[in-house]
Amino acid sequence: MIHLYRVNKSYEGIPALREITFSVDKGEFVFLTGPSGAGKTTLLKILFCAERADEGQIIIQGMNTFRLGPSSIPYLRRNMGFVFQDYKLLPHKTVFENIALALKVVGTPYGEIERRALTALKKVGMLNKEHLTPPKLSGGEQQRVAVARSLVNEPQFLLADEPTGNLDPASGQEIFKLFKEINMKGTTVLIATHDWETVRTMQRRIVAMERGRIVSDSRDSQKKPSPAAAVRPGTAS
Amino acid sequence: MRGYGPIFYLLEAYRGLRSNSLVNALALGTICMAMLIVGFSLLVFLNLTTAVRAMGDRLEMSVFLKDGLSPSDRDLLLTRLKSESGVRKAALVTKDQALTQLIRDMKGQEKLFQSLGENPLPDSYELTIDPAYAGDGKMEGIAKRIAGFFGVEDVSYGKQGAEMLGKLLRLVTYGGMFLAVLLGVSVVFIISNSVRLALYSRGQEIELMQWIGATRWFVTAPFLVEGILITTLGASLAVGILAGLFHALPGDAMLFLSGPGGFQFLPTGVIVLMIGGCGLLGLAGGLVSVNKFLD
Ligand SMILES: Nc1ncnc2c1ncn2[C@@H]1O[C@H](COP(=O)(O)OP(=O)(O)O)[C@@H](O)[C@H]1O
Ligand SMILES: [Mg+2]
């Protein structure tokens with residue numbers, strides 16, 4: 001589903017990603033961990049075509065993103081959901097309108113918008129708050145709305161960057177539970193986080209980064225365990 | 001790909017305007033004020049121009065003929081007068097016509113003329129002069145040249161009036177240009193900035209729409225519609241207020257400015273231009289501000 005081969009990216013000459021090579025299969029659930037500044041956000045942004053890699057091959061759903069013109073980027077993004085640490089909900093729109101916007105953006109017929117928005121809100125348990133604006137919700141609730149928005153167009157692939165970074169542990173657990181459910185229905189999930197406790201208890205594939213490099217991948221270590229691939233907790237930022 | 005029609009973008013624009021009502025109300029107010037000033041200036045300027053033009057149409061010069069000219073001499077003189085630059089029209093006024101006119105002008109004092117044996121008035125050519133020749137002593141130049149023509153006894157015209165008219169015409173022309181440039185530049189600046197300010201607060205929304213897969217067109221279109229709506233609404237409001245004030249005004253309050261048709265409101269063409277021009281500015285402002293936020 002996603003293949004990266006020797007991807008390099010630097011900001012003003014300072015490398016943020018070095019020789020990144022890894023792939024994610026369809027239906028996988030992957031944690032991307034590592035200390036702050038390791039390059040997790042940069043990697044996700046490259047997958048989302050919000051940043052361009054300097055070198056390397058990036059193939060997403062059979063498409064080489066280097067060959068994509070700017071006009072095809074929106075269509076690529078429609079196959080991916082993205083969840084942000086700070087939710088990125090529009091504060092003046094209601095919960096319902098925030099979800100409806102994602103449907104309108106892809107040209108959903110007017111008649112279907114309400115049904116599909118409400119279905120997505122139901123999945124994340126926010127059906128009863130559809131008329132409120134985001135500032136009236138708790139952080140956990142806002143993130144659930146954001147998850148609903150990322151799912152409403154049924155993407156094959158879900159990216160999340162520190163989705164629980166602003167949440168208390170209990171709300172964080174709820175969000176992770178949601179991701180697990182989404183993954184079970186067939187969506188591929190890639191989450192960047194340094195919530196080490198959750199990562200360990202959830203027993204999914206873990207890709208660890210440090211200073212722009214992938215330092216370990218639990219999938220590889222299952223095949224050929226080596227001391228260098230030992231998973232280490234990331235330091236919180 | 002599925003897409004939406006123009007009604008969708010209109011509705012989206014309306015939602016956008018409503019959900020940012022404070023910023024948009026401010027922009028609307030600013031645009032309305034700017035257009036009120038423009039409209040008022042235009043109103044005064046257009047009426048002043050009409051009035052001065054009407055005066056210009058009455059710029060005349062009388063060329064009195066010597067007695068006993070042969071018809072062919074007269075024709076020759078007429079041809080020369082007509083080919084003189086600055087002369088728009090030349091019409092013969094015979095001594096009889098002149099006397100009749102004089103008697104009519106001196107109504108009540110007909111007795112004065114009864115003692116008159118023979119008509120003492122000369123024949124004359126009445127010239128209509130191009131208003132461009134008013135002022136700067138240009139009339140005087142024409143008069144001097146004509147006075148030297150064969151068969152001309154004397155030339156007379158209202159010298160003071162002509163100089164005054166010349167000054168007025170210059171004032172109206174250059175003053176109008178100055179005002180147009182000044183107002184034009186400020187209005188372009190004010191309107192495009194108001195639209196930009198109104199849309200600036202929406203950077204977050206534009207960015208987010210792109211993240212969730214919106215095409216450039218989908219993001220841009222409602223903003224363009226909003227830009228056009230704010231500006232045309234502001235301009236229409238200004239025209240409406242101006243029209244209200246115009247009708248509330250007592251008829252003779254601005255008589256000193258009025259032309260032969262009285263004080264006129266802005267012609268439809270000018271109103272359409274004002275509103276349409278604002279719409280274009282709104283479109284440009286919208287385009288500039290959205291592009292700032294698009295990657
Ligand atoms: N827009 C940017 N301009 C300059 N440097 C950046 C930018 N974004 C990230 N970086 C740098 O790239 C490195 C990786 O950052 P990031 O991907 O945000 O790490 P993480 O998400 O793992 O904390 C850091 O050293 C950071 O300072
Ligand atoms: Mg980060």
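Which residues surround ligand 1? Let's walk round the shell: Tyr11(A), Ala16(A), Pro35(A), Ser36(A), Gly37(A), Ala38(A), Gly39(A), Lys40(A), Thr41(A) and Thr42(A), where a residue counts as near if one of its heavy atoms lies within 4 Å of the molecule.

Quick housekeeping, folks. This is a predicted model, so local features need pLDDT of at least 70 and side-chain atom pairs count only at pLDDT 80 or more, while totals for chains, interfaces and linings use all residues. Residues are numbered from 1 along each chain as its sequence is written, chains are lettered from A and ligands numbered from 1 in the order in which they are written, and side-chain values use heavy atoms, with hydrogens and water left out.

Okay, back to the ligand. By class, its shell has four nonpolar, five polar and one charged residues. For the bookkeeping, Ala, Val, Leu, Ile, Met, Phe, Trp, Tyr, Cys and Pro are nonpolar, Asp, Glu, Lys and Arg are charged, and the others, Gly among them, are polar. The element giving the most to this shell is helix H1 (residues 40–47) of chain A, with three residues; helices here are DSSP runs of H or I with at least four residues, strands are E runs of at least two, and both are numbered from the N terminus.

Now the polar contacts, meaning pairs of N or O atoms within 3.5 Å. The backbone does some talking here: a polar backbone atom of Gly37(A) sits 2.7 Å from an oxygen atom of ligand 1. For Lys40(A), a polar backbone atom is 2.9 Å from a ligand oxygen, and for Ala38(A) a backbone N or O atom is 3.2 Å from one. On its own, ligand 1 has 560 Å² of accessible area, and the protein covers 60% of that, going by Shrake-Rupley with a 1.4 Å probe.

Next up, salt bridges. Side chains of opposite charge can pair when their charged atoms come close. Our rule wants a side-chain nitrogen of Lys or Arg within 4 Å of a carboxyl oxygen of Asp or Glu, and the count comes to 19 over all chains.

One of them pairs Arg6(A) with Glu19(A), closest N and O atoms 2.7 Å apart. Arg6(A) is in strand S1 (residues 2–11) and Glu19(A) in strand S2 (residues 14–24) of chain A, so the bridge ties together parts that are 13 residues apart in sequence. Arg6(A) is partly exposed at 43% relative accessible area, and Glu19(A) is partly exposed at 35%; buried is under 20%, exposed is over 50%, and partly exposed is in between, with a 1.4 Å probe and protein chains only.

Over in chain B, Arg74(B) and Asp123(B) form a salt bridge at 2.3 Å. That one links helix H3 (residues 71–83) to the loop between helix H5 (111–114) and strand S3 (124–129), 49 residues apart. Asp123(B) counts as buried, at 11%.

Then there's Glu84(B) with Arg145(B), at 2.4 Å. Glu84(B) lies in the loop between H3 and strand S2 (87–93) and Arg145(B) in helix H6 (residues 138–147), so this pair ties together parts 61 residues apart. Glu84(B) is buried at 10%, whereas Arg145(B) is partly exposed at 42%.

Last bit: cysteines. With a disulfide taken as two cysteine sulfur atoms within 2.5 Å, we get zero over all chains. Cys32(B) has its nearest cysteine sulfur, that of Cys278(B), 10.0 Å away. Cys32(B) is buried at 7%, and Cys278(B) is buried at 2%.

Definitions and conventions: A polar contact is a pair of N or O atoms within 3.5 Å; within protein, one must be able to donate a hydrogen and the other to accept it, and residues adjacent in sequence count only if both atoms are side-chain atoms.
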